[in-house]
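Colleague: I'm new to reading protein models and would like to learn by looking hard at a single part. Please pick one spot in the middle of things, walk me through it slowly, and then show me how the rest is arranged around it.

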Amino acid sequence: MQKSCVHVYTGDGKGKTTASVGIAARAIGQGLRVGFFQFMKSGMSGELVSLAKLGVMVVAPQGSTKFVFQMDEAEKTEYAEKQQATLGRAIEQAGELDLLVLDEIVSAVTTGMIPSAQVEDFLKTRPEGLEVVMTGRDVPEQLIDLCDYVTEMKMHKHPYEKGIPARKGVEF
């Protein structure tokens with residue numbers, strides 16, 4: 001059996017989720033069992049439909065219409081419970097997968113929705129042979145230390161700076 005690795009795609013640039021979708025598509029094309037679990041998003045991203053059609057197990061609970069910083073304490077508590085339940089489901093399924101993508105798990109950690117220790121413990125005890133891909137900005141050092149690949153996407157220019165909002169099929 002080949003060694004499995006942990007990847008993280010981070011940074012302020014576009015492409016973190018896109019890179020994770022690419023590795024998921026590559027893995028499913030090679031006959032691997034792939035799970036794509038999405039955190040902190042609306043559940044309406046176009047890649048979810050495509051991945052499901054390819055045979056990827058997709059779990060993307062309906063997200064909030066608010067950013068975490070806009071939520072009151074009751075909303076944060078409820079949202080954190082949903083994020084933690086999604087991670088729980090990913091951990092339960094991990095033994096049945098060859099590749100597990102945890103899209104925006106880093107954001108769930110940095111906003112306090114999921115304790116970093118919970119993700120760290122999973123990475124340290126993950127099933128043998130399970131490749132794990134994580135995405136999100138501002139990855140904590142303790143997660144970086146557990147990764148084999150750390151790739152940073154850096155923004156040099158973005159249409160948002162010109163007032164162009166996220167576009168369907170390109171950014172979501």
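**A close look at strand β5 and its surroundings**

Modeller: Let's start with one pair of residues: H7 sits opposite V133, which belongs to β5. Keep in mind as we go that this is a predicted model.

That pair takes us straight to two strands. Strand β1 covers residues 6–10 and is joined to β5 by four bridges, with the two strands running parallel. Another place to see this pairing is V6, which faces V132 in β5. If you're wondering what "pairing" involves, strands in a sheet are linked through backbone hydrogen bonds, and they can run parallel or antiparallel.

Now for the part I'd zoom in on. Is β5 buried or exposed? Strand β5 spans residues 131–135, and five of those five residues are buried, so the rest of the structure largely encloses the strand. To see how, look at its two faces: E131, V133 and T135 are on one side, V132 and M134 are on the other, and all of them are buried. In other words, β5 is covered on both faces.

Strand β1 tells a similar story. Five of its five residues are buried too, making it mostly covered. V6, V8 and T10 point one way from β1, H7 and Y9 point the other way, and all of these residues are buried. So our H7, where we began, is one of the buried residues of β1.

What's on the other side of each strand? β5 also pairs with β4, again in the parallel sense and over four bridges. There, L99 has E131 of β5 as its bridge partner. As for β1, it pairs with β6 in the parallel sense, over four bridges as well. A pair to look for here is T10, whose bridge partner in β6 is E152.

Moving outward from β4, you meet β2. Five bridges join β2 (residues 34–38) to β4 (residues 99–103), and these two strands run parallel. On screen, find Q38 and you'll see it opposite D103 of β4.

Put it all together and you get an open sheet of six strands, paired in parallel, in the order β3-β2-β4-β5-β1-β6. The edges belong to β3 (57–59) and β6 (149–152); each has a single partner strand, so one side of each has no neighbour in the sheet. Ignoring direction, neighbouring strands here are turned against each other by 10° on average.

Next, the helices. Helix α2 (residues 46–54) lies across β2 and β3 and runs at about 160° to β2. Helix α3 (residues 73–93) lies across β2, β3 and β4, at about 170° to β2.

Helix α2 has a helix packed against it as well. Packed helices are described by two things, the angle between their axes and the distance between those axes. For α1 (residues 16–29) and α2, the angle is about 10° and the axes are 10 Å apart. Angles under 35 degrees count as roughly parallel, and α1 and α2 therefore fall into that group. On the α1 side, T17, V21, A24, A25 and I28 make the contact, while α2 brings E47, L51 and L54. Sorted by class, that contact has six nonpolar residues, one polar and one charged.

Two loop residues deserve a glance. M40, in the loop between β2 and α2, has a positive phi of about 65° even though it isn't a glycine. E104, in the loop between β4 and α4 (105–110), is another non-glycine residue with a positive phi, near 65°. E104 is also buried, at 13% relative accessible area.

Finally, how many disulfides does the structure hold? Zero. The sulfur of C5 has its closest cysteine sulfur in C147, 10 Å away, which is too far for a bond. C147 is likewise in no disulfide. Both cysteines are buried: C5 has 16% relative accessibility, and C147 has a relative accessible area of 14%.

Conventions: Residues numbered from 1 in each chain as written. Predicted model: local features only at pLDDT ≥ 70, side-chain atom pairs only at ≥ 80, totals over all residues. Heavy atoms only, no water. Pairing = 2+ DSSP bridges. Axes fitted to C-alpha atoms, helices over the stretch in contact; angles between N-to-C directions. Contact = heavy atoms within 4.5 Å. Disulfide = S-S within 2.5 Å. Buried < 20%, exposed > 50% of the residue type's maximum accessible area, 1.4 Å probe, protein only. Parallel < 35°, antiparallel > 145°, perpendicular 65-115°, else oblique. Nonpolar A, V, L, I, M, F, W, Y, C, P; charged D, E, K, R; others polar.
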